[in-house]
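Student: I have a model open at the bench and would like a close look at one charged pair and its surroundings. Could you walk me through that part in one go?

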Amino acid sequence: MTDTTDARQDAHTETPQSLGRRTVLIATGATAATLAVGAVAATDAPAAGTPAADAAAAAPVAAAAVCTLTKEMTEGPYYLDGQYVRADITEGKAGIPLKLTLTVVDDDTCVPLSNALVEIWHSDALGEYSGFVGNNGHSEPDSGTFLRGGVLTNSSGVASITSIYPGWYRGRCVHIHIKVHTNVTLTSDGSFTGGQEIHTGQLFFDETITAKVGTVSPYSTNTVTRTTLAQDSIYDDGGAASGLLTLTALGSTTSAGYAATLTLGVESS
């Protein structure tokens, strides 16, 4: 398919904006260890002048540097209310498997946030969003719900969602939209209602891996020119602090898929 109208291009435009809530995205891996060291230092401080004391003194500084507040990112044009609470949002859509694991923590205390609803939505391999199919120039069935949904975090603040690697649409790099809600009520139809929305943001993908994904069908049949991370109007090259996921291959080929992880710090009160 080919691009058609300027009006359609305008429909895909997302403008960066600084929202009112404070939000921090905390890098995975060493972060937890750094915070743990800081906690020990506060309760069981070693003698001054020893190597242990020097390390303990440095830990709070490192933790403060990691827990840096960042602006939230625009919701974008394709959000739909009342989506399903479910761990698998694929609905049979073709694409490279993506196992997403997000850990939500309080930005002030770094304590995991349990029973928070982590909701995501993103385009399919051809850059089409459910409920808006055709906006990226492709004709396909539209359930209004594919590649949308979310789960409640467990006691460790972890939300695990199965999806596919997103495709791309005109003017934007490959990304996933995300919201975090607290105090929601689950409904009998498998959705949710109420609660407080405490974070709105976007998740991003390594450019080298995305380029490989783009060579695999059905991604390779997307005729829209792909915008890179460096060209994107929303992503600010801030790495994990700006939502860049850590990707790990699930097999020896691109088609086998990827595990994607990130720790998000949010202001919960």
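Tutor: Happy to. Let's start with K179 and E197, whose side chains meet in a salt bridge at 3.0 Å, N to O; the term stands for a side-chain nitrogen of Lys or Arg within 4 Å of a carboxyl oxygen of Asp or Glu. This pair links distant parts of the chain: K179 sits in strand β7 (residues 175–182) and E197 in strand β10 (residues 196–204), 18 residues apart. Helices (H or I, at least four residues) and strands (E, at least two) are DSSP runs, numbered from the N terminus.

Before going further, a word on what you are viewing: this is a predicted model, in which local features need pLDDT of at least 70 and side-chain atom pairs count only at pLDDT 80 or more, while totals for chains, interfaces and linings use all residues. Residues are numbered from 1 along each chain as its sequence is written, and side-chain values use heavy atoms, with hydrogens and water left out.

How enclosed are the two partners? K179 is buried, at 1% relative accessibility, whereas E197 is partly exposed at 32%. Here buried means under 20% relative accessible area, exposed means over 50%, and partly exposed is in between (1.4 Å probe, protein chains only). Strand β10 is largely enclosed by the rest of the structure, because seven of its nine residues are buried. The pair also has company: salt bridges that share partners join E75, K179 and E197 into one network.

Now the backbone. Strands β7 and β10 run antiparallel and are joined by eight bridges; two strands pair if DSSP finds at least two bridges between them. Across from K179, in β10, stands T200.

Strand β7 also holds H181, which is buried with a relative accessible area of 5%. Its side chain makes a polar contact of 2.8 Å with that of E119. Such a contact is a pair of N or O atoms within 3.5 Å; within protein, one must be able to donate a hydrogen and the other to accept it, and residues adjacent in sequence count only if both atoms are side-chain atoms. Leaving aside residues up to four places away in sequence, H181 touches Y79, A116, L117, E119, F192, Q196 and E197, where contact means heavy atoms within 4.5 Å. E197 thus appears both as the salt-bridge partner of K179 and among the residues that H181 touches.

Elsewhere, the count of salt bridges comes to seven. One of them joins R86 and E91 at 3.0 Å, N to O; R86 is buried at 18%, and E91 is partly exposed at 37%. Another joins R226 and E207 at 2.5 Å, N to O. R226 lies in the loop between α4 (207–213) and β11 (246–249) and E207 in helix α4, so this pair ties together parts 19 residues apart in sequence.

Finally, how far can you trust the picture? The mean pLDDT of the protein is 80, and 74% of its residues reach 70 or more; pLDDT is the predictor's confidence in each residue, from 0 to 100. It stays under 50 over residues 1–12, and pLDDT is likewise under 50 over residues 15–71. Where pLDDT is low, the predicted coordinates should not be read in detail.
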